[in-house]
Each structure stands twice: as structure tokens, then as C-alpha cells.
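Here are a few exercises to work through with the coordinates loaded. Try each one yourself before reading the solution.

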Amino acid sequence: MRLLVLSIFFLFLSNACASRYSLTQTGDVGTPTKQPTKKFRIAYLGFNTFKSTKLKNPDGTVDFEALSDPYSRTIKEPIGGSFPIPGENKPNGIRKDLSQEKVSKFVKSFLEVTGPTGIRELEKFLEISKTGENYTYSFKNLPYDYYIVGLHYPVFEKTRNVGLNFVTIFSSLFSVATLGILPSYEAYAANTKVLVYDKNLNLLKELEYDNNYSVWRALWISPNPKECRIGNLECLGMFSPTLGTNPPMVFEASAPKISADLSDYINTLK
């Protein structure tokens, strides 16, 4: 009974706090970026965030899986190209001139971040076959000059470092003890990697963006975004019963910078 009362009290307290996200990037997502002057056919892959789902195992244990959300592209207007939709371009056979090693390396760089949930995105560009436990990837012959891949990672929330993890634990305890008057503090790692390939899957450029962010939670704090006001279950963070994924807004903040950098780089291509 005592445990039940404490649990209800803790749940009430966590719902009674507003959350304020402080982002590394502060760019205006709506800022227009000039289009590159050179015209190429460019396909974009990725740049999507993830949703967390809970899986119950036969033995009663619980696992969490991150599912790719194709509707959460953080680049809303791809510079000089587009995100192809399934079946948009009918392939002219398979690229037999691309080695299996090169195609597999391309696939691995993508799936290392997304996990199996990224297969659906790759199917627009690859034919995938399975023999026993082994997969074979064949690149479709598509009319693109370049491929631009965006990867947001880590998929799940990850404390920035061990030292800050202790700060989070103690600040959360003090916040509970003061009924949410003292704020709790969380600091998470978030990054974006952008890879530019030519049509032969040669890696031409790799860009990295720091999207690290912090979260403050307290009764009196002004929420950011506004949806993270008191009582919003999606902004519970460490109080949530599920393992959370990094929210889209964390990566959307760097979108103008990424678009500007890509525009400049595309103009250097031949």
C-alpha cells in the first residue's frame, strides 16, 4: 500500500512539471535557403526521426524498439533534390558494375544507425534478397547523379556523459523532495551525419552537426515547446515508463544550416 501511494505521488509530481528544451542549434527552421545554381538529379535518404515502441518478450521481460518515422523528415524542402517515394522511378535493371562490397558498405552505414527499421527506406534504391541468414543487396539502376543521406543519432535518448548523469540523478531527487520547485536537469547527446555519394556510391563528403540538448523540468518553468506544459505525458523524459527517442525538434533546429551547407557544396560538384 505504501509503495502504491509513493508511486501515485511520484506520477503526480512528474505530471505537474513543465519541460523546457534548450537546443544547441537556434536557427529558424522556416528560413528560406537559396537553391543551388547547378542542376543535378539528387535523391535524399533518411533525415527522419524515430518513435519508441515497447515489446513484451515471452519470458515477461520488456524490450524497446525504435521505429523509423518516414513522415518526420527534418529537411522539409530538400535542396536541389527530393525524397523519392516508392515506385516513383522504374529502375532500368540492376547496377552490375557496382561491387557487392561497395553496395554493402553503403547499406551498413545506413543500418548501423537505423537498425532493421531502415530497410523500408533502402528498398526504394535496392533489391534485397535473403539466403538463409545472409542478405544480398543489389543497387537499382536509377536516374540519379548523387545521393544525400541524413542520419540522426543516437536513436534513443543517451545521457551526454557520466558526470552529467549524476547531475541528472541528484537534481531529480531534489526536485521531487521540493515538490517540483527546484528544477531537474537532463543533458542528452544528439548528432546529425550527412553523407554525399555520387551515382557510383563513392563517398564524396561527410558533414557532422552537433544537436546536443538539455531539458529543465519544474513547476514554474516556461515550457519550450509550448506543448511541454504541465501535464503533457509526451514530455516526461526520464519519468516516462518507456525508453524515449530524441524528439524531432532537436534535429529540426539544424535544418537551415544543413541546407545552406549542402547548397554550397552542390555548387562545387561537376
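**Exercise 1. Helix 2, end to end**

How many residues does helix 2 have, and what distance does it reach from its first C-alpha to its last?

Solution. Keep in mind that this is a predicted model.
- Step 1: count. Helix 2 has 15 residues.
- Step 2: compare spans. At 1.5 Å a residue you'd expect 21 Å, and the helix reaches 21 Å, close to that value.
- Step 3: look just past the end. Gly-115 follows helix 2, and its phi is positive, near 75 degrees.
- Step 4: list what is tucked away. Val-103, Phe-106, Val-107, Phe-110, Leu-111, Val-113 and Thr-114 are the buried residues of helix 2.

**Exercise 2. Take apart the largest nonpolar core**

Find which residues of the largest nonpolar core touch the most other members, and which elements supply it.

Solution.
- Step 1: the core holds 25 residues, and Phe-106, Phe-125, Phe-139 and Tyr-147 touch the most other members.
- Step 2: two or more residues each come from strand 2 (42-46), helix 2 (100-114), strand 7 (134-139), strand 8 (146-153) and strand 10 (191-198). Helix 2 gives the largest share, six residues.
- Step 3: zoom in on one hub. Setting aside neighbours within four places in sequence, Tyr-147 has contacts that include Phe-125, Phe-139, Leu-195 and Tyr-197.
- Step 4: another core, of 18 residues, lies apart from the one around Tyr-147; among its members are Tyr-44, Phe-47, Ala-255 and Tyr-265.

**Exercise 3. A threonine in a loop**

Is Thr-74 buried or exposed?

Solution.
- Step 1: locate Thr-74, which sits in the loop between strand 4 (62-69) and strand 5 (81-82).
- Step 2: apply the cut-off. Buried means under 20% relative accessible area; Thr-74 has 1% relative accessibility, so it counts as buried.
- Step 3: see what surrounds it. Beyond residues up to four places away in sequence, Thr-74 touches Phe-47, Thr-49, His-152, Pro-248, Phe-251, Glu-252 and Ala-255.

**Exercise 4. Trace the pairing around strand 10**

Work out how strand 10 is paired with strand 8 and with strand 11.

Solution.
- Step 1: strand 8 and strand 10 pair antiparallel over eight bridges, with Tyr-153 opposite Asn-191 of strand 10.
- Step 2: on to strand 11, which runs antiparallel to strand 10 and is joined to it by seven bridges. Here Tyr-197 stands opposite Leu-203.
- Step 3: check the turn. Strand 10 and strand 11 form a hairpin with four residues between them, and Leu-201 in that turn has a positive phi of about 65 degrees.
- Step 4: check the cover. Seven of the eight residues of strand 10 are buried.

**Exercise 5. Edges of a three-stranded sheet**

Which strands stand at the edges of the open sheet with order 1-12-9?

Solution.
- Step 1: the sheet has three strands with antiparallel pairing.
- Step 2: strand 1 (18-23) and strand 9 (184-188) each have a single partner strand, so they stand at the edges with one side lacking a neighbour in the sheet.
- Step 3: neighbouring strands in this sheet are turned by 20 degrees against each other on average, ignoring direction.
- Step 4: strand 9 and strand 12 share five bridges, and Ala-187 has Ser-214 as its bridge partner.
- Step 5: add helix 4 (residues 162-177), which lies across strand 9 and strand 12 and runs at about 155 degrees to strand 9.

**Exercise 6. How far to trust it**

Find the stretch where the pLDDT is below 50.

Solution.
- Step 1: the average pLDDT is 82, and 85% of the residues score at least 70.
- Step 2: residues 3-14 fall below 50, and this stretch has 10 contacts in the model beyond near neighbours in sequence.
- Step 3: where pLDDT is low, the predicted coordinates shouldn't be read in detail.

How values were computed. Residues numbered from 1 in each chain as written. Predicted model: local features only at pLDDT ≥ 70, side-chain atom pairs only at ≥ 80, totals over all residues. Heavy atoms only, no water. Core = buried A, V, L, I, M, F, W, Y, C linked by side-chain atoms within 4.5 Å. Buried < 20%, exposed > 50% of the residue type's maximum accessible area, 1.4 Å probe, protein only. Contact = heavy atoms within 4.5 Å. Expected span 1.5 Å × (residues − 1). Pairing = 2+ DSSP bridges. Axes fitted to C-alpha atoms, helices over the stretch in contact; angles between N-to-C directions. pLDDT = per-residue confidence, 0-100.
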